[in-house]
Amino acid sequence: MAKSLVIVESPSKAKTINKYLGKDYVVEATVGHIKNLPKNKINIDLDNGYVPTYDVIEGKEKVIKTIRDHAKQVKSVFIATDPDREGEAIASDIAEEVAKVNKNIKRVLFNEITKSGVESAMKEPLDIDEKLVESQMARRVMDRILGYKVSPFLWKSMYFGLSAGRVQSVALKLICEREFEIRGFKPKEYWSIEGTFSKPSGNSKPFIAKLYKINEDIMKYNGEEPCIHNIDEAYKILEDLRNNKYRVTDIQVREVKRNAPLPFTTSVLQQTASSKLGYAPKRTMMLAQKLYEGVEIRKGEGNIGLITYMRTDSTRISDEAKKMANEYILDNYGEEYVSNVVRTNGKKAVKAQDAHEAIRPTDVMMTPDKLKKLDKSLLALYTLIWQRFISSQMTPAVFDQKTILIKALDPKGGKTEYIFKATGRIAKFLGFLKVYEDTNEDSSPDEEDDIATIPEDLNVNDMLKAASIKKEQHFTSPPPRYTESSLIKQLDALGIGRPSTFALIVTTVIDRKYVDLVERKLFATELGIQVNKILQEYFPDVINTQFTAGMEEELDTIANGENTYKAVLDDFYLPFKKDLEAADAAAPEIKKSLIEKTEIKCPECGEETGAVMLKKWGRNGLFYTCERYPKCKATLSIDQTNGNEPKIVEGIKCDKCGADMVEKSGPYGKFYGCTNYPKCNGIKPITLGIKCPKCGKGEILERRGGKRKRIFYGCTNYPECDFIENSIPVIQPCENCGNSYMVKKTTQRDGDFLYCTKCKHKEILTKENVSKD
């Protein structure tokens, strides 16, 4: 009989831990939370200290019984859920059930799931941190109050089914603000002047220098003052420079160092995996969870945890990990690559999260080359983490940076002084770049200059000739749209959210259709803009960046014992309650203000009664409905009209009554609907005009399905034909395996390409359509 019971939340984590603990332990998994607030009611006593009442999650009764049965038969129970706030809350719920049959309960924290990590944690068991549990409970209760109070207000103001969240609504606010900045942006014209210079001797290599200074004014090449405003100013400069000679007036050479990046925190991992690998934050965290919990490297040897815990905002690493990295660097690169400098990100550490290390490999000797059999996606993320960690312990890269100033000599004796500038850089010592090519997140301002290849034989007072002096027109750009990774970076910088919540925040605003993700950029939808407008007008005290960031800090004060659960929730709920009362009173008027009367005649009764359509919000977005509803139930989708009349689709007739058809939108996508609806309910699918590659009889159409109404592509001949793909099929045989079709995909790294789902062959689509992989 086992002497001890170890409880975790994940079966794969249980499998890995069980391998290290041996026969004296039995390891059981809860598969996540065992208790939660119910879905159909708030279950929080708002009048008596915000006490929540949790219910056992449906289906978890069997899990609890199994754990209790084991707990009865062992001496000790160790709860080893994840080492963060949520894990502590799960541990508290488990302890409450286990204590009914065994009170010898301890908490263990596995920062890494390796033999040494597990054994070390088991030697130092702790009590459950009730302050940390209260902190997580306060977050959960806060989110529940706002969600369950504001969402019904949105239902009354717009339509049933909308939702609001404490943090998601602030993320939506940021995206909408950026949307308005972009829409209101007016580009400014400016011009640049650059020359191609060389020494008069024929062997001198030409190089490019930009006009840097006019008299005492240093030119700005971003549209700010001073700059060249228009083509007339650019022409005048070119005229002034005609037939000029040029002399090198200054050469400066200095050593520039570029520091290695810090090891990953959660938010930076999500940002970097997005930019380098094209992974969405949710996918990154799913893969990181697998790497932490353990994967099988060699058949028969069981799972091995490859990285430390992946939810952290600390860049700290243990002395043991630093020593391990230094030994690897010394053996593989040499002593000059070993850095002994301890650096931090400069942020004030958050006590609850700083208990963790940065995200790093558990064993640096487990190099990516030794893990070639690992799943491709897991290997790519592990390689990124491994390279980042090793490079973080290496010396800076060193460059010689040369700056050349060139003066224009006007033979006509003009009073205007023109100075050109070129900057070049040569690597003297690669340092950390030997392992990891950073994306300039720690680069100095000098590195942002245009880098030119400057000849080595230039000296001060050398005369140069200009092969060409060219002008180029530019326009200032609006602020860039947020991507998933840049939004997470901004939330992190503002102190909004925590490592465990970043990916969920982004996913939520997309799933709610408040934001569209198009080519990896976030666009606020009209629905999102309208919801944000209402929330900002009626809940300015609680749905703003300062308040939300401040509440994150207050939650931390519960965890470190500086504040109480009730005091923090009072700070949130009392101003919120005042806003809510005013909002609820205004909801009927808000709903009326969002109804717009149009001049579009009702297609059902307009001729007879003169009724027109009203533009309203509904579950599928904006739509038109007859002003005589419910006497007349005619509706039109927004894309059915050209602003005045329903958009009749030429050549498409209803199979049931022969009437014209119009394009409509429903929860499962677009379709053709009969103009005689509701008298006739005839419909037809809208296809892509592509023959089904499987049956050859039907055509491919876009469908939506599943809980999130995700888009996929199927055959009109369903269910006789079960063809299905997640990307648009292209009827082009795969040249590698002969499969009858490929699908079109897009990634940041490869752009557009065709992909064979059978053999995974890829054909890159370029303008010439010749580059293939």
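**Exercise 1. Identify which residues form one aromatic cluster in this predicted model, and work out how F572 and F576 are arranged within the structure.**

Solution. The cluster is made up of Y50, F153, Y538, F539, F547, F572, Y573 and F576. Among these, F572 and F576 both belong to helix α17, residues 565–593, where they stand four residues apart, about one turn of the helix. An α-helix has 3.6 residues a turn, so residues three or four places apart point the same way. The ring centres of F572 and F576 are 5.5 Å apart with 10° between the planes; since planes under 30 degrees apart count as stacked, the pair is classed as stacked. Burial is settled by the cut-off of under 20% relative accessible area: F572, at 1%, is buried, and F576, at 0%, is buried as well.

**Exercise 2. Classify the pair formed by F197 and Y246 from its ring geometry, and state where in the chain its two members lie.**

Solution. The structure holds 18 aromatic pairs. For F197 and Y246, the ring centres are 5.1 Å apart and the planes meet at 70°, so the pair is edge-to-face, given that the cut-off for this class is over 60 degrees. F197 lies in strand β9 (residues 189–198) and Y246 in strand β12 (residues 245–258), so that the pair links distant parts of the chain, 49 residues apart. Both F197 and Y246 are buried.

**Exercise 3. Determine how the buried residues of helix α1 are distributed around its axis, and name the elements against which they pack.**

Solution. Begin with the list: within α1, residues 11–21, the buried positions are K13, A14, T16, I17, Y20 and L21. These residues span an arc of only 165° around the axis, which places them on the same side of α1. The face turned away from that buried side carries P11 and K15, which are exposed. The packing partners of the buried residues are β1 (4–8), β2 (25–29), α4 (115–123), α9 (281–293) and β14 (303–304). After the helix comes G22, with a positive phi near 85°.

**Exercise 4. Establish how many residues of helix α14 are buried and what covers them.**

Solution. Seven of the ten residues of α14 (502–511) are buried, so the helix is mostly covered. The buried residues are F502, A503, I505, V506, T507, T508 and V509, and their cover includes α6 (168–183), α8 (266–277), α9, α13 (484–494) and β18 (515–518). Just after α14, K513 adopts a positive phi of about 65°.

Terms used:
Residues numbered from 1 in each chain as written. Predicted model: local features only at pLDDT ≥ 70, side-chain atom pairs only at ≥ 80, totals over all residues. Heavy atoms only, no water. Buried < 20%, exposed > 50% of the residue type's maximum accessible area, 1.4 Å probe, protein only. Arc of directions from axis to C-beta. Contact = heavy atoms within 4.5 Å. Phe/Tyr/Trp six-rings, centres within 6.5 Å; stacked < 30°, edge-to-face > 60°.
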